[in-house]
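Colleague: I would like to learn how to read side-chain pairs and burial in a protein model. Could you take me through an example?

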Amino acid sequence: MTQNAFSESGAQSLQPERGAADHHSQRTTVGADLASSIGLGNERKLDLAVRLGWQHELGRHRPADHGSLRRARRATRSPCSARRPIRDAAVVGFQAVTNIAAATQVLPALRRRRRGGTDNHALTAGLRMSW
């Protein structure tokens, strides 16, 4: 993905600016998926799955300048640059699948990726019906 530099005008001294950025993302994940089933009676079962992994970013990044205000940049006379991307992350996931009727399943899932000081969380749910 390439993002061009831009600046805005019309706000007098508060004119936002941002430098160009170039991102190519390729990630690998090494880890384990663990799964088990628990019988709930009446031919119902609960399928549980856990994912634990380490994710590494292989792509190259040329980070953009962080956005700045033109007047503030001139006053400090120092360039505003972005931090290098953090390449390693811990990946944790949990999923449960159970039948709520003869041909209907519910599938909640939670995923978390921790990278440096940031966390990404995703909570999803699905409904599968077969006939």
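Modeller: Start with accessibility. A residue is called buried under 20% relative accessible area, exposed over 50%, and partly exposed in between. Keep in mind that this is a predicted model.

Colleague: Which class does Arg27 fall into at 45% relative accessibility?

Modeller: Arg27 counts as partly exposed, because 45% lies between the two cut-offs. Compare Glu57: its relative accessibility is 3%, so Glu57 counts as buried.

Colleague: What joins the side chains of Glu57 and Arg27?

Modeller: A salt bridge. The general idea is a side-chain nitrogen of Lys or Arg within 4 Å of a carboxyl oxygen of Asp or Glu. Here the N to O distance between Arg27 and Glu57 is 3.2 Å, so the pair qualifies.

Colleague: Where in the chain do Glu57 and Arg27 sit?

Modeller: Glu57 is in strand 6, residues 44–57, and Arg27 is in strand 5, residues 27–41. The two are 30 residues apart, and the pair links distant parts of the chain.

Colleague: How many salt bridges does a search of the whole structure find?

Modeller: Five. Among them is the one between Arg112 and Asp119, whose closest N and O atoms are 3.2 Å apart. Another joins Arg114 to Asp119, at 3.1 Å from N to O.

Colleague: Which residues are joined into one network by salt bridges that share partners?

Modeller: Arg112, Arg114 and Asp119. As for burial, Arg112 has a relative accessibility of 36% and counts as partly exposed. Asp119, at 33%, counts as partly exposed, and Arg114, at 38%, is also put in the partly exposed class.

Colleague: Now a residue from another strand. Is Val91 buried or exposed?

Modeller: Val91 is buried, because its relative accessibility of 15% is under the 20% cut-off. Val91 belongs to strand 9, which covers residues 88–101.

Colleague: Which residues is Val91 in contact with, leaving aside neighbours within four places in sequence?

Modeller: The list is Arg51, Leu52, Gly53, Gln55, Arg112 and Arg113. Arg112 is therefore a name to recognise: it touches Val91 by the contact rule of heavy atoms within 4.5 Å, and it forms a salt bridge with Asp119.

Colleague: How far apart are Val91 and Thr29 in sequence and in space?

Modeller: They are 62 residues apart in sequence, and their C-alpha atoms are 8.3 Å apart in space.

Notes
Residues numbered from 1 in each chain as written. Predicted model: local features only at pLDDT ≥ 70, side-chain atom pairs only at ≥ 80, totals over all residues. Heavy atoms only, no water. Helix = DSSP H or I, 4+ residues; strand = E, 2+ residues; numbered from the N terminus. Buried < 20%, exposed > 50% of the residue type's maximum accessible area, 1.4 Å probe, protein only.
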